[in-house]
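Biologist: I'm new to this structure and would like a close look at one part of it. Could you take me through how the helices pack, and then show me a few single residues?

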Amino acid sequence: MKKIYFVGAGGIGMAALERYYLSQGYKVAGYDRTPSPLTDALQHEGVAISFEDSMDAVPGDFRDPATTEVVYTPAVPDDNIPLGFFRHNGFRLLKRAAVLGNITRSSLGLCFAGTHGKTTTSSMAAHILHCSSVGCNAFLGGILRNYGSNLLLASESPYAVIEADEYDRSFHQLSPYIAVITATDPDHLDIYGTEEAYLESFAHFTELIRPQGKLLVHTGLKLVPRPPEGVETFTYSRTSGDFHAENIRHGSGRIVFDFIYPGGSLNDIELGVPVEINIDNALAALAAVWLTGKFEPESAKKAMASFMGPERRFEFHLKEDGDHGRAIIDDYAHHPDELRQSIASVKALYPDRRLTVAFQPHLYSRTRDFAPEFAEALSAADAVILIDIYPARELPIPGVTSKIIFDRIKCDDKVMISKEAFVNTVKNRNFEILLTAGAGDLNLYLPQLCRELRNKG
């Protein structure tokens, strides 16, 4: 099997696998619904991606089940024509999660799970290992700005860093050596139905850790882990746990702290992306690497200071000079707790400035399940621009629109618009600090907005 076809090739998790198999000498092709900057990059790197839902778009040499394997994501609907062809013609089909599971069984997997924080923590850990003498292979859920990719390769390293996605129970395919759980706030209730089922899914994930492996869990979670016999369990958080922070210092746009681990400490860790939530994220990443037994203190300090973060995780698109300069920050926050933390982080960075939040809800089901919580989080802003729901993989749900959030938002300055009206709406407002949030496509409008703001002066 030297050919692999990816159905849903434009997904961020799929992209890492496509790049990995290209590096291994495979021919790679695939289908996705719409072009994006990521699919453009993948095509440039050698992936033959088509955007037509028909067999005409599948290259002829990828139609032989004897030579082609198919990887798909559950986000692709069952009526997709290429997927149907592969299913009914004897092809070996694997979910993306199963491929990652195979990788964890042939390496020592550091698997980062959680409702939120997993992309940043896994990226931090990958960067720490990459900057050390150990190295790692990393399959990340975001484009790491240090490398312009979501894939890191180190052929001689035994370690693989993997973002463990709970959607569709994908992380149950993994076999972690070190499992990290950052948060278990209920999400994906379209899949799980109840908070209890969601927590049970994480408990089952802990059962998959290899004997003699390690489990690292944020303190205070409702989760009751069930690791196998022989697996050691550790805790972390900003203020308590086996791994925690002390002597936290803020000032001049910097955050510095001391990393406390069992039996010692590493002082003066500086965050390359200095926002409050990254203290917890950094602790998880540093602790996971420490648990490998290959922790190199000085290279870890340098890595944390040089870490630029994944794209769309607290990413500045505009940062004008001076005390009154405007700023535009984009963050992937798409769960109420993430949104609350993101808003709090921006307000901590700019305590005396007026904060406008433009939020694009992601998924009808998530909007339905968490509308009051989203409204409560957004009410902490000075002004809110609420965008229409980004549907992603879902069909509309009757009665579910952004309005069910909008009506509950308590701040007086609020407006509800389509994404097409976003640029003109913001351009004509006298904003100071703008935070765009959500897992949709609002970020694609930011380059145009920044251009027009610069032209306007």
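Modeller: Here is a walk through three helix pairs, followed by some residues further along the chain.

Keep in mind that this is a predicted model.

Let's start with helix H1, residues 12-23, and its partner helix H4, residues 96-105. Their axes sit 10 Å apart, and the two helices pack at an angle of about 50°. Angles between 35 and 65 degrees fall outside the parallel and perpendicular classes, so H1 and H4 are oblique to each other. As for handedness, the crossing of H1 and H4 is left-handed. If you want to find the contact on screen, look on the H1 side for Gly-13, Met-14, Leu-17, Tyr-20 and Tyr-21. On the H4 side, they meet Arg-96, Val-99, Leu-100 and Ile-103. Sorted by class, that contact of H1 with H4 holds seven nonpolar residues, one polar and one charged.

Next up is helix H5, residues 118-130, with helix H8, residues 277-291. The axes of H5 and H8 come within 8 Å and cross at roughly 45°. That angle makes H5 and H8 oblique to each other as well. Here, though, H5 passes H8 in a right-handed crossing. H5 brings Thr-120, Thr-121, Met-124, Ala-125, Ile-128 and Leu-129 to the contact. H8 answers with Asn-278, Asn-281, Ala-282, Ala-284, Ala-285, Leu-286 and Val-289. By class, you get nine nonpolar and four polar residues where H5 meets H8, and no charged ones.

The third pair is helix H10, residues 336-349, and helix H11, residues 364-378. Their axes lie 9 Å apart, at an angle of about 0°. Since angles under 35 degrees count as roughly parallel, H10 is roughly parallel to H11. From H10, the residues to pick out are Pro-336, Leu-339, Arg-340 and Ile-343. They meet Phe-370, Glu-373, Phe-374, Glu-376, Ala-377 and Leu-378 in H11. The contact of H10 with H11 has seven nonpolar residues and three charged ones, with no polar residues.

Now for those single residues. Val-415 is part of strand E20, which covers residues 413-417. With 25% relative accessibility, Val-415 counts as partly exposed, because that class lies between 20% and 50%. Leaving out residues up to four places away in sequence, Val-415 touches Val-384, Ile-385, Leu-386, Phe-406 and Arg-429. For a sense of distance, try Pro-74: it is 341 residues from Val-415 along the chain, and their C-alpha atoms are separated by 34 Å.

Thr-425 belongs to helix H13, residues 422-427. At 19% relative accessibility, Thr-425 counts as buried, since the cut-off is under 20%. Beyond its neighbours within four places in sequence, Thr-425 is in contact with Ile-385 and Ile-417. So Ile-385 turns up in the contacts of Val-415 and in those of Thr-425 too.

Last, a word on cysteines. Cys-411 is buried, with a relative accessible area of 10%, and Cys-450, at 3% relative accessibility, counts as buried too. What about disulfides? A disulfide is a covalent bond between the sulfur atoms of two cysteines. Searching the whole structure turns up zero disulfides.

Note on methods
Residues are numbered from 1 along each chain as its sequence is written. This is a predicted model: local features need pLDDT of at least 70, side-chain atom pairs count only at pLDDT 80 or more; totals for chains, interfaces and linings use all residues. Side-chain values use heavy atoms; hydrogens and water are left out. A disulfide is a pair of cysteine sulfur atoms within 2.5 Å. Buried means under 20% relative accessible area, exposed over 50%, partly exposed in between (1.4 Å probe, protein chains only). Axes are lines fitted to C-alpha atoms, for helices over the stretch in contact, and angles run from 0 to 180 degrees between N-to-C directions. Helices (H or I, at least four residues) and strands (E, at least two) are DSSP runs, numbered from the N terminus. Angles under 35 degrees count as roughly parallel, over 145 as roughly antiparallel, 65 to 115 as roughly perpendicular and the rest as oblique. A crossing is left-handed if the near helix is turned anticlockwise from the far one by less than a right angle, and right-handed if clockwise. Contact means heavy atoms within 4.5 Å. Ala, Val, Leu, Ile, Met, Phe, Trp, Tyr, Cys and Pro count as nonpolar, Asp, Glu, Lys and Arg as charged, and the others, Gly among them, as polar.
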